[in-house]
Amino acid sequence: VVDVNMEQQLLLLKEKVRNMLVVATKPSKKLNLIDSIQRLGISYHFETEIKAALLHLFETNDYHGNDDLYTTALSFRLLRQQGHFVSCSKSSSINFDF
């Protein structure tokens, strides 16, 4: 009985995470969620959803207009890890005056 309940709970939690990946509309939230999933070591459960989300970000260029350096670096890392060519020259709209 315990194993059945644990299995049901696991399936429910996996479905919640899948839903979070699909529902997230802001690129920064989606990128942070993907990063968290990968750091937890459970990305193999969500490979299809992660690939689709990163492909969508890449194709729509949603990763360019980021306001902060962290999100820009995160988008470059995640997209490059997925095999997408991301040129750093496209992010010239970011001004780093120190």
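How many aromatic pairs does a search of the whole structure find? The count comes to 0. What the model, a predicted one, does have is a charge over a ring: Arg-80 sits over the face of Phe-76, 5.1 Å from the ring centre.

## Overall layout

Let's start with the chain as a whole. There are 4 helices and 0 strands, so reading along the sequence gives simply α-α-α-α. The chain has 98 residues, and 31% of them count as buried.

As for contacts, take those in the chain with a separation of 6 or more: 53% of them involve residues 24 or more positions apart. On the outside, the chain exposes about 6,900 Å², with carbon and sulfur atoms supplying 57% of that area.

## Helix α1 and Leu-21

Helix α1 covers residues 2-23, and Leu-21 is one of its residues. Is Leu-21 buried or exposed? Its relative accessibility is 2%, so Leu-21 counts as buried, given that the cut-off is under 20%.

Setting aside neighbours within four places in sequence, Leu-21 is in contact with Lys-30, Leu-33, Ile-34 and Ile-37, and also with Phe-46, Glu-49 and Ile-50. Among these partners, Lys-30, Leu-33, Ile-34 and Ile-37 are themselves buried residues of α2, while Ile-50 is one of the buried residues of α3. There is also a C-alpha separation to quote here: Leu-21 and Leu-31, 10 residues apart along the chain, are 9.3 Å from each other.

## Helix α2

Next comes α2, residues 27-40. Its 14 residues should span 20 Å at 1.5 Å a residue, and the end C-alpha atoms are indeed 20 Å apart. The buried set in α2 is Lys-30, Leu-31, Leu-33, Ile-34, Asp-35 and Ile-37, so a lysine and an aspartate are on the list along with the leucines and isoleucines.

What follows the helix? Gly-41 comes after α2, and its phi is positive, near 80°.

## Helix α3 and Leu-54

With 14 residues, α3 reaches 20 Å from its first C-alpha to its last, close to the 20 Å expected. Its buried residues are Ile-50, Ala-53, Leu-54 and Leu-57. Why do they end up on the same side of α3? They cover an arc of only 90° around the axis, which puts them there. The general rule behind this is that an α-helix has 3.6 residues a turn, so residues three or four places apart point the same way. The face turned away from the buried side carries exposed residues, Thr-48 and Glu-59. Just after α3, Asn-61 takes a positive phi of about 55°.

Leu-54 deserves a closer look. This residue of α3, the helix at 47-60, is buried with a relative accessible area of 0%. Leaving aside neighbours within four places in sequence, Leu-54 is in contact with Leu-31, Ile-34, Leu-78, Leu-79, Gln-82 and His-84. Leu-31 and Ile-34 are buried residues of α2, and Leu-78 and Leu-79 are buried residues of α4. For Leu-78, 24 residues away along the chain, the C-alpha separation from Leu-54 is 7.7 Å.

## Helix α4 and what follows

The 13 residues of α4 should span 18 Å at 1.5 Å a residue, which agrees with end C-alpha atoms 18 Å apart. Buried here are Thr-71, Thr-72, Leu-74, Ser-75, Phe-76, Leu-78 and Leu-79. Phe-76, then, is a buried residue whose ring face has Arg-80 over it. Which helices help to cover the buried residues of α4? The cover includes α2 and α3.

Just after α4, Gly-83 takes a positive phi of about 100°. His-84 is in the segment after the helix, which occupies 69-81. Its relative accessibility is 15%, so His-84 counts as buried, under the 20% cut-off. Apart from neighbours within four places in sequence, the contacts of His-84 are Leu-54, Leu-55, Phe-58 and Leu-79. Leu-79 is among the buried residues of α4, and Leu-54 is the α3 residue with a relative accessible area of 0%.

Notes. Residues are numbered from 1 along each chain as its sequence is written. This is a predicted model: local features need pLDDT of at least 70, side-chain atom pairs count only at pLDDT 80 or more; totals for chains, interfaces and linings use all residues. Side-chain values use heavy atoms; hydrogens and water are left out. Helices (H or I, at least four residues) and strands (E, at least two) are DSSP runs, numbered from the N terminus. Buried means under 20% relative accessible area, exposed over 50%, partly exposed in between (1.4 Å probe, protein chains only). Contact means heavy atoms within 4.5 Å. Accessible areas come from the Shrake-Rupley method with a 1.4 Å probe; for residues, only the protein chains shown count as cover. Rings of Phe, Tyr and Trp (its six-membered ring) pair if their centres lie within 6.5 Å; planes under 30 degrees apart count as stacked, over 60 as edge-to-face and the rest as tilted. A charge sits over a ring if NZ of Lys or CZ of Arg is within 6 Å of the ring centre and within 35 degrees of the ring normal. The expected span of a helix is 1.5 Å times one less than its number of residues. The arc is that of the directions from the helix axis to the C-beta atoms.
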